[in-house]
Structures are given as structure tokens and as C-alpha cells.
Amino acid sequence: MNAKKYEIDTAENRTFLKEISMELLEFGRKFPAPGGSAYYLKEDGTPWKEKNREVYETCRMAHVYAIGEFLGFKGGKELAEAAIRALWGEMRDKENGGWYAGLDAENAPLSGKLCYAHAFVILGASSAVLAGVDGAKELLGEAIKTYDRYFWNEAEGLSCDTWNTEFTVQDDYRGLNANMHTVEAFLAAADVLEDETYRVRAGRIIKNVVSWAEKNSWRIPEHYTKEWVPDLDCNRERPDDPFKPYGATPGHGLEWSRLITQWALSAHKDRAAAPYVEAAKNLYHRAVSDGWNADGAPGVVYTTDWDGKPVVHDRMHWTLAEAINTAAVLYRVTGEAQYAADYAEFMKYLDETVLDHENGSWFHQLDRNNQVAGTVWPGKPDLYHALQACLIPYYAPEVSIALAVKRKQEV
């Protein structure tokens with residue numbers, strides 16, 4: 001075994017990640033339905049046409065194939081264009097405004113309007129603008145207008161979660177998953193539009209999250225009441241819910257750590273960033289301590305209870321992607337050797353266990369014994385987490401990834 005393949009800043013690791021990037025983009029190229037929306041993908045990358053086509057996945061495909069265009073992937077821009085066409089077309093609610101959650105196999109809209117999905121419309125449109133996709137700039141403007149009207153709460157500095165389809169009834173649930181991806185989307189929009197309004201908003205969300213996490217031993221409460229009171233027992237009876245699981249989610253601790261660092265570096269190019277980097281380090285170490293190798297086998301467990309004991313032992317591919325990203329980013333920012341060592345360990349696990357060397361892409365769900373499972377995420381619908389994990393380690397940590405790749409801001 002060539003250990004250098006897993007070590008950050010080696011030629012071997014750079015080559016390894018570049019190869020995976022191209023393989024991922026090739027794997028997902030069959031995603032477009034006739035109207036451009038993203039089919040759910042099977043284990044071999046072929047469309048799973050019986051499953052719903054989600055708005056958030058369509059936006060992610062716009063994002064990754066816009067990046068693919070910058071990487072020189074043949075057909076990247078055309079695939080991003082297909083997704084943008086769907087977001088202007090079959091996935092947009094022309095009567096009530098905004099975007100459906102998705103479409104079912106018979107093209108009927110799914111009910112409800114989700115903050116999570118609308119955040120991804122902003123992200124996908126932002127990346128497509130950079131790639132010069134027709135209609136992307138107008139889509140970004142419409143997405144921000146819709147988000148500002150229905151989801152952003154200026155008084156609270158946070159976003160609500162769900163409306164009914166007609167935008168007349170707002171659900172009382174409040175959650176951090178949608179707010180986390182809102183931070184990602186706002187940072188991308190701020191970079192693309194050169195409008196600091198959205199970076200400031202991202203910072204307001206982050207300040208709330210850091211406060212809640214610090215009060216809870218750096219295990220982030222995910223679910224809240226309408227008044228933003230943590231609901232620590234939410235979904236105790238459905239602990240493996242794909243979007244609202246019970247307990248702490250170490251993978252989100254890692255993801256927040258990276259986004260907080262990105263925001264702090266972009267908003268505070270001086271010592272004012274230091275407290276936020278320190279908070280990011282605390283989140284990272286709590287997540288790795290609770291989640292990595294927590295039951296005698298490598299991998300990040302999906303959830304823990306509020307004392308850090310694993311609840312759902314399954315490993316989701318996105319948690320590893322975020323572990324890779326955040327270890328790399330914190331190494332860039334701090335120079336501390338532990339992050340480089342963790343990165344190498346995560347890379348080894350990726351190569352030996354999570355990469356599907358036969359069919360391509362990453363296994364999306366493994367059980368506690370690292371055997372492929374499909375109870376939460378059957379198939380391989382998502383390129384977004386995996387592709388970003390191949391890129392973020394080698395691009396400027398203060399810049400949203402699509403812009404950094406376009407500008408070739410490598411580190």
C-alpha cells in the first residue's frame with residue numbers, strides 16, 4: 001500500500017482525488033429526466049424512475065456539473081443546463097410561487113414548500129451563473145426573492161422550515177438542517193453577487209448555532225419549537241429519519257465546523273475570525289470523538305444521544321465526506337498535525353470501504369459492520385457531498401467551492 005495516496009498535499013493524494021472527481025461526474029451523467037429534473041440513481045448510476053425526483057437533488061446536479069465544467073468534464077455545462085431548465089420548468093410552482101419539494105414518478109408535484117429545497121435552488125443557481133448557464137442569473141434572483149419573502153426571518157436571524165404548498169400555512173417546526181444549507185447557499189450567493197447582505201445573514205445564523213452548541217457540550221441540537229426552544233426528544237421514535245433524526249448528528253457537527261470556518265475567514269480577515277475557528281475546532285473534536293470509530297469499527301455513526309453514545313450506528317457517505325472536508329480545512333487554517341493525520345485516516349477508509357471500485361461512486365449507507373445497507377439511502381443518488389470532498393481539501397477555504405474552482409484558487 002502506498003500511504004502517500006492518503007496524505008494531504010502529496011502528489012499521490014491530489015491524483016487520487018482528481019480521478020475520483022472525474023469518475024463521479026461520469027457516474028451521474030444519466031440523471032436528467034426529459035424535463036431536466038434529477039432522477040434518483042441506482043447503485044450503477046442508472047435512473048431509478050419509480051422514485052421521486054427531488055428539487056434539492058436537481059439543484060445539487062446543477063451545482064456539481066457547473067463545477068464539472070470548470071474541471072474540464074465534457075458535457076458538464078449541458079448537464080447543468082438540464083437541471084436549470086427543470087427549475088424554471090416542471091419543478092417550479094407557477095401558481096403559488098417557489099419550488100415544489102419534488103415530483104413523483106407520474107410527474108405530480110409533492111406537497112409542501114421546504115426551506116431546505118429553496119436553499120439548494122440558491123446554491124445551484126449561483127454555481128450555474130458562474131458557468132454561464134442561460135437563465136441561471138434570473139433563476140438566482142427569483143430564488144433569493146422567494147427565500148427572502150417566505151423563509152428568512154430578519155428579526156430572529158434564522159429561517160423557518162416548511163410551508164404548505166400554497167404558502168398560506170407555516171409549520172411550527174424549526175430546524176438547523178435547512179439553516180445549515182442556507183448558510184452554504186448564502187455564502188455562495190454573497191460570493192457570486194458580491195453582495196455582503198447574505199454573508200452577514202450567514203453570520204447571524206452561525207452565531208445562534210455556536211451559542212446553542214456551546215451550551216450543549218458542542219453537540220448541536222437539531223430540532224426546535226416555533227420559539228426556537230431546543231426539542232431534544234424530537235423523533236425519538238424515528239431515530240434514523242433521513243432529514244430529522246433523533247439526537248445529535250456528528251456529520252452535521254463536522255459540516256457546521258467547515259461552514260463556520262469558511263464564513264469566519266471570508267467575513268473577518270483578521271483576529272476577529274479566531275473565536276469562530278476555535279468554535280469550529282470544538283465542533284470537529286466533539287463530532288470525531290463521539291462519531292468516529294465509536295463502536296469498534298471505522299466510520300462516522302449517523303447519530304448519538306445527548307451523552308455521545310451511538311443511537312444509529314449506520315455510516316452515511318456524506319458524514320465521511322464532511323469529515324474529509326473539515327479535517328483538511330482545519331489543517332489549512334491551523335497547521336496542526338492532528339488534522340492531517342485524521343485526513344489520512346479518513347482517506348484510507350474511503351478507499352478501502354466506501355468507494356465502490358466496481359460500479360463507481362460511493363456507497364451511500366453502510367451498517368455498523370461496514371456492509372452495504374439501504375434502509376435510509378438505497379442506491380447512489382447524490383454526487384454533491386462526494387464531489388465536494390474531492391475538491392475542498394485543495395481550494396481556498398474562505399471561498400465557496402464553485403467560485404474557488406472556477407478561479408483555480410488552489411492551495
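Reader: Why is Leu387 called buried?

Author: In this predicted model, Leu387 has a relative accessible area of 1%. The cut-off for buried is under 20%, so Leu387 is buried.

Reader: Where is Leu387 placed, and which residues does Leu387 touch?

Author: Leu387 sits in helix 12, residues 384–391. Not counting residues up to four places away in sequence, Leu387 touches Ser21, Leu24, Leu25, Val64 and Ile67.

Reader: Thanks! How far apart in space are Leu387 and Asn293?

Author: Their C-alpha atoms are 24 Å apart, and the two residues are 94 residues apart in sequence.

Reader: What makes Asn293 partly exposed?

Author: The relative accessibility of Asn293 is 38%. Partly exposed lies between under 20% for buried and over 50% for exposed, so Asn293 counts as partly exposed. Asn293 belongs to the loop between helix 9 (274–291) and strand 9 (301–304). Its backbone is worth a look too: Asn293 is not a glycine, although its phi is positive, about 55 degrees.

Reader: How do you know that Lys408 is exposed?

Author: Lys408 has a relative accessible area of 58%. Exposed begins over 50%, so Lys408 is exposed. You will find Lys408 in the segment after helix 13 (401–407). Lys408 also has a positive phi, about 60 degrees, although it is not a glycine.

Reader: And what makes Asp307 exposed?

Author: The relative accessible area of Asp307 is 69%. With the cut-off at over 50%, Asp307 is therefore exposed. Asp307 lies in the loop between strand 9 and strand 10 (310–316). From Asp307 to Ala136 the distance is 45 Å, C-alpha to C-alpha, and they are 171 residues apart in sequence.

Reader: Why does Asp314 count as buried?

Author: The relative accessibility of Asp314 is 17%. Buried means under 20%, so Asp314 counts as buried. Asp314 is part of strand 10.

Reader: Which residues is Asp314 in contact with?

Author: Leaving aside neighbours within four places in sequence, the contacts of Asp314 are Val300, Val301, Tyr302, Gln365, Leu366, Asp367, Arg368 and Thr375. For one of these, Tyr302, there is a C-alpha separation as well: 5.8 Å from Asp314, with the two residues twelve apart along the chain.

Reader: Let's turn to the helices. How do you know that the span of helix 10 agrees with 1.5 Å a residue?

Author: Helix 10 covers residues 317–334, which is 18 residues. The expected span is 1.5 Å times one less than the number of residues, which gives 26 Å for helix 10. Its end C-alpha atoms are 26 Å apart, so the span agrees.

Reader: What makes helix 10 mostly covered, and what comes just after helix 10?

Author: Of its 18 residues, 14 are buried, and that is the sense of mostly covered here. Just after helix 10 comes Gly335, with a positive phi of about 70 degrees.

Reader: How does helix 11 do on the span check?

Author: Helix 11, residues 337–354, has 18 residues and should span 26 Å. Its end C-alpha atoms are 24 Å apart, which agrees.

Reader: Which residues of helix 11 are buried, and what covers the buried residues?

Author: The buried residues are Tyr339, Ala340, Asp342, Tyr343, Ala344, Phe346, Met347, Tyr349, Leu350, Asp351 and Val354. Their cover includes helix 1 (11–27), helix 9, strand 10, helix 10 and strand 11 (365–366).

Reader: What makes helix 4 mostly covered?

Author: In helix 4, 15 of the 16 residues are buried. Helix 4 (residues 115–130) reaches 23 Å from its first C-alpha to its last, close to the 22 Å expected. Gly132 follows helix 4 and has a positive phi, near 75 degrees.

Reader: How many helices and strands does the protein chain have, and why is the chain called as compact as a globular protein of its length?

Author: The protein chain has 13 helices and eleven strands. Its radius of gyration is 19 Å, and the globule rule gives 22 Å for 411 residues. The two values are close, so the chain is as compact as a globular protein of that length. In addition, 61% of the 411 residues count as buried. The C-alpha trace spans about 55 × 45 × 45 Å along its principal axes.

Terms used: Residues are numbered from 1 along each chain as its sequence is written. This is a predicted model: local features need pLDDT of at least 70, side-chain atom pairs count only at pLDDT 80 or more; totals for chains, interfaces and linings use all residues. Side-chain values use heavy atoms; hydrogens and water are left out. Helices (H or I, at least four residues) and strands (E, at least two) are DSSP runs, numbered from the N terminus. Buried means under 20% relative accessible area, exposed over 50%, partly exposed in between (1.4 Å probe, protein chains only). The radius of gyration is taken over C-alpha atoms; the globule rule is 2.2 Å times the number of residues to the power 0.38. Contact means heavy atoms within 4.5 Å.
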